[in-house]
Amino acid sequence: MALNNEGRMMRSVYERMPIARLREIARESHEHHDPEATRVFVNRVLDMEVERRTWYAHENLGFQPFSSTAKLGESPGGSTTAADPLAIAYDRGIRIHAAHEEARQFLEYARLRPRNLLAALIQAAKTDRRVNGPWGKSYDQIVGQLGHYAQMLGWPPGIETTIEFKKGQAIERAALEGRAQMIMLARLG
């Protein structure tokens with residue numbers, strides 16, 4: 001029981017840790033390496049990539065909170081503060097920062113097959129505590145509309161013809177393979 005509580009406590013510490021520090025501890029060559037840190041790192045990378053792809057890349061494209069007829073792009077009232085993209089993101093609760101870029105770079109470095117990456121991102125989107133709407137559907141339902149879900153995660157139209165899942169279990173298996181590959185890569189550094 002005490003080990004279980006200690007494991008939960010360490011997981012909580014890892015979940016709050018900056019991603020760069022977490023990646024250091026995930027490496028086997030690090031003196032304080034912990035396999036749980038590696039799993040938390042991979043989960044965090046996938047969560048951040050889902051967040052980046054769904055919130056940052058797709059939310060209100062082209063939206064600007066100022067009038068196109070305002071003087072020199074000034075917001076009504078004379079301030080340009082709200083027109084700043086970072087201020088807009090902050091106001092919306094979007095916290096895109098360097099860690100999102102680190103997560104994206106790690107995924108590029110991992111060179112997962114598109115099938116495994118898509119499956120892992122779908123799984124990460126479904127495991128979010130705030131899941132509702134389309135991500136609340138079962139894997140079997142997602143397979144039926146794979147193209148739509150792939151596009152929500154940034155894939156081009158028609159990707160479902162090259163990445164084919166016949167059943168929901170295939171998504172879970174492909175996600176497991178992708179996660180395993182990322183865990184091995186994170187351990188090696």
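In which helix is Glu-36 found? Glu-36 is found in helix α3, and the views below start from the whole chain and return to this residue later.

**View 1. The whole chain is a predicted model built from helices.** This is a predicted model, in which local features need pLDDT of at least 70 and side-chain atom pairs count only at pLDDT 80 or more, while totals for chains, interfaces and linings use all residues. Residues are numbered from 1 along each chain as its sequence is written, and side-chain values use heavy atoms, with hydrogens and water left out. The protein chain has 9 helices and 0 strands; both are DSSP runs numbered from the N terminus, helices being H or I runs of at least four residues and strands E runs of at least two. Of the 189 residues in the protein chain, 37% are buried. Here, buried means under 20% relative accessible area, exposed means over 50%, and partly exposed lies in between, using a 1.4 Å probe and protein chains only. Among contacts between residues at least 6 apart in sequence, 67% join residues at least 24 apart, where a contact means heavy atoms within 4.5 Å.

**View 2. Confidence varies along the chain.** The mean pLDDT of the protein chain is 80, with 72% of its residues reaching 70 or more; pLDDT is the predictor's confidence in each residue, from 0 to 100. Helix α9 has the highest confidence, at a mean of 96, and helix α4 (residues 85–91) the lowest, at 55. Please look at residues 57–75 with this in mind: their pLDDT is below 50, and beyond near neighbours in sequence the stretch has 26 contacts in the model. Residues 77–83 also have a pLDDT below 50, with 12 contacts in the model beyond near neighbours in sequence.

**View 3. The largest nonpolar core draws on several helices.** This core has 48 residues, and Phe-41, Leu-118, Ile-122, Trp-155, Phe-165 and Met-182 touch the most other members. At least two core residues come from each of α2 (19–26), α3 (35–56), α5 (98–110), α6 (114–127), α7 (139–144), α8 (146–152) and α9 (168–188). A nonpolar core is a set of buried Ala, Val, Leu, Ile, Met, Phe, Trp, Tyr and Cys residues joined through side-chain atoms within 4.5 Å. To explore it from one residue, try Met-182: leaving aside neighbours within four places in sequence, Met-182 is in contact with Val-42, Leu-46, Phe-106, Leu-107, Ala-110, Leu-112 and Ala-120.

**View 4. Helix α9 meets α6.** The axes of α6 and α9 come within 7 Å and cross at roughly 100°. That makes α6 roughly perpendicular to α9, the term for angles of 65 to 115 degrees. Axes are lines fitted to C-alpha atoms, for helices over the stretch in contact, and angles run from 0 to 180 degrees between N-to-C directions. On the α6 side the contact includes Arg-115, Asn-116 and Gln-123, and on the α9 side it includes Glu-177, Gly-178 and Met-182. The contact has 9 nonpolar, 3 polar and 3 charged residues. Ala, Val, Leu, Ile, Met, Phe, Trp, Tyr, Cys and Pro count as nonpolar, Asp, Glu, Lys and Arg as charged, and the others, Gly among them, as polar.

**View 5. Helix α5 meets both α9 and α2.** The axes of α5 and α9 come within 10 Å and cross at roughly 105°, making α5 roughly perpendicular to α9. Phe-106, Leu-107, Tyr-109 and Ala-110 of α5 meet Gln-181, Met-182, Leu-185 and Ala-186 of α9. This contact has 7 nonpolar, 1 polar and no charged residues. The axes of α2 and α5 also come within 10 Å, crossing at roughly 35°. There, Ile-19, Ala-20 and Arg-23 of α2 meet Ala-99, Glu-102, Phe-106 and Tyr-109 of α5, giving 5 nonpolar, no polar and 2 charged residues.

**View 6. Glu-36, Arg-27 and Arg-111 are worth a closer look.** Glu-36 is buried, with a relative accessible area of 16%. Not counting residues up to four places away in sequence, Glu-36 touches Arg-11 and Tyr-14. Arg-27 sits in the loop between α2 and α3 and is partly exposed at 25% relative accessibility. With residues up to four places away in sequence again left out, Arg-27 touches His-33, Ala-186, Arg-187 and Gly-189. Arg-111 lies in the loop between α5 and α6 and is exposed, at 72% relative accessibility. Although Arg-111 is not a glycine, its phi is positive, at about 50°.

Notes. Angles under 35 degrees count as roughly parallel, over 145 as roughly antiparallel, 65 to 115 as roughly perpendicular and the rest as oblique.
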